[in-house]
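Open the model in your viewer and keep the sequence panel visible. The stops below say what to select next and what is there.

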Amino acid sequence: QVQLVESGGGLVQAGGSLRLSCLASGSTFSSYQVGWFRQGQGKEREFVASISWSGESTFYADSVKGRFTISRDNAKNTVYLQVDSLKLEDTAVYYCAAKYVGTVVLVTATSEFYDYWGQGTQVTVSS
């Protein structure tokens, strides 16, 4: 079992950047695939990015491709989401999620795949 805590959100102007972090505890994090999702007010939760347990494979939603970068440091039990060139429509609560996969290399955009979720961190983009 793993516990996830997101941080790094905040208020930023359009065009700005943030680095979100997802810190894991309670298990061997290097055996988990991780995804980032977001949910804007009044909107459904949507996939943002996913990274395999080793970091060798990544996958992005079309809406963030080229602007967001997912990475991980298993020695620090942390997955990062670098968010650049932020737009008003990026305003949302951002959640990280994890799924135990052992050594299987996977990247998954389906929220139902993930077993563990953090509490979220708010990103607000202003004009």
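Helices (H or I, at least four residues) and strands (E, at least two) are DSSP runs, numbered from the N terminus. By that rule the protein chain has zero helices and eleven strands. This is a predicted model, in which local features need pLDDT of at least 70, side-chain atom pairs count only at pLDDT 80 or more, and totals for chains, interfaces and linings use all residues. Residues are numbered from 1 along each chain as its sequence is written, and side-chain values use heavy atoms, with hydrogens and water left out.

**The whole chain**

Show the C-alpha trace first. Along its principal axes the trace of the protein chain spans about 45 × 25 × 25 Å. The radius of gyration is taken over C-alpha atoms, and the globule rule is 2.2 Å times the number of residues to the power 0.38. For 127 residues a compact globule would have a radius near 14 Å, and the 13 Å of the protein chain agrees with this.

Now switch on the surface. Accessible areas come from the Shrake-Rupley method with a 1.4 Å probe, and for residues only the protein chains shown count as cover. The accessible surface of the protein chain comes to about 6,200 Å², and 47% of that belongs to carbon and sulfur atoms. A residue is buried under 20% relative accessible area, exposed over 50%, and partly exposed in between (1.4 Å probe, protein chains only). Of the 127 residues of the protein chain, 44% count as buried.

Contact means heavy atoms within 4.5 Å. Among contacts between residues at least 6 apart in sequence, 62% join residues at least 24 apart.

**Strand β1**

Select residues 3-7, which are strand β1. In a regular strand the side chains alternate between the two faces of the sheet. In β1, Leu-4 and Glu-6 make up the covered face, while Gln-3, Val-5 and Ser-7 make up the uncovered one.

Two strands pair if DSSP finds at least two bridges between them. Add residues 18-25, strand β3: β1 and β3 pair in the antiparallel sense over five bridges. Ser-7 of β1 stands opposite Ser-21 in β3.

Is Leu-4 buried or exposed? Leu-4 has 7% relative accessibility, so it counts as buried. Leaving aside neighbours within four places in sequence, its contacts include Cys-22, Leu-23, Phe-29, Cys-96, Tyr-116 and Trp-117. For a distance across the model, pick Leu-4 and Thr-103: they are 99 residues apart in sequence and 20 Å apart in space, C-alpha to C-alpha.

**Strand β11 and its partners**

Select residues 121-126, strand β11. Thr-121, Val-123 and Val-125 point to one face and are buried, whereas Gln-122, Thr-124 and Ser-126 point to the other and are not.

Which strands pair with β11? Strand β2 (residues 10-13) pairs with β11 in the parallel sense over four bridges, and strand β9 (residues 92-100) pairs with β11 in the antiparallel sense over three bridges. Val-123 is a useful residue to label: Gly-10 stands opposite Val-123, and Val-123 is the bridge partner of Ala-92.

Stay in β2 and select Val-12. Val-12 is buried, with a relative accessible area of 12%. Beyond neighbours within four places in sequence, Val-12 is in contact with Ser-17, Leu-18, Leu-86, Thr-124, Val-125 and Ser-126.

**The aromatic rings**

Rings of Phe, Tyr and Trp (its six-membered ring) pair if their centres lie within 6.5 Å; planes under 30 degrees apart count as stacked, over 60 as edge-to-face and the rest as tilted. By this rule the count comes to nine aromatic pairs. Select Phe-113 and Tyr-114: the ring centres are 5.3 Å apart and the planes are at 85°, so the pair is edge-to-face. Add Trp-117: its ring and that of Tyr-114 have centres 6.4 Å apart and planes at 75°, so this pair is edge-to-face.

Tyr-114 is buried at 4% relative accessibility, Phe-113 is partly exposed at 22%, and Trp-117 is partly exposed at 27%. To see one whole aromatic cluster, select Phe-37, Phe-47, Phe-59, Phe-113, Tyr-114 and Trp-117 together.

**Charges over rings**

A charge sits over a ring if NZ of Lys or CZ of Arg is within 6 Å of the ring centre and within 35 degrees of the ring normal. The charged end of Arg-45 sits over the ring of Trp-117, 4.2 Å from its centre. For the last stop, select Arg-72, which lies over the face of Phe-29 at 4.8 Å from the ring centre.
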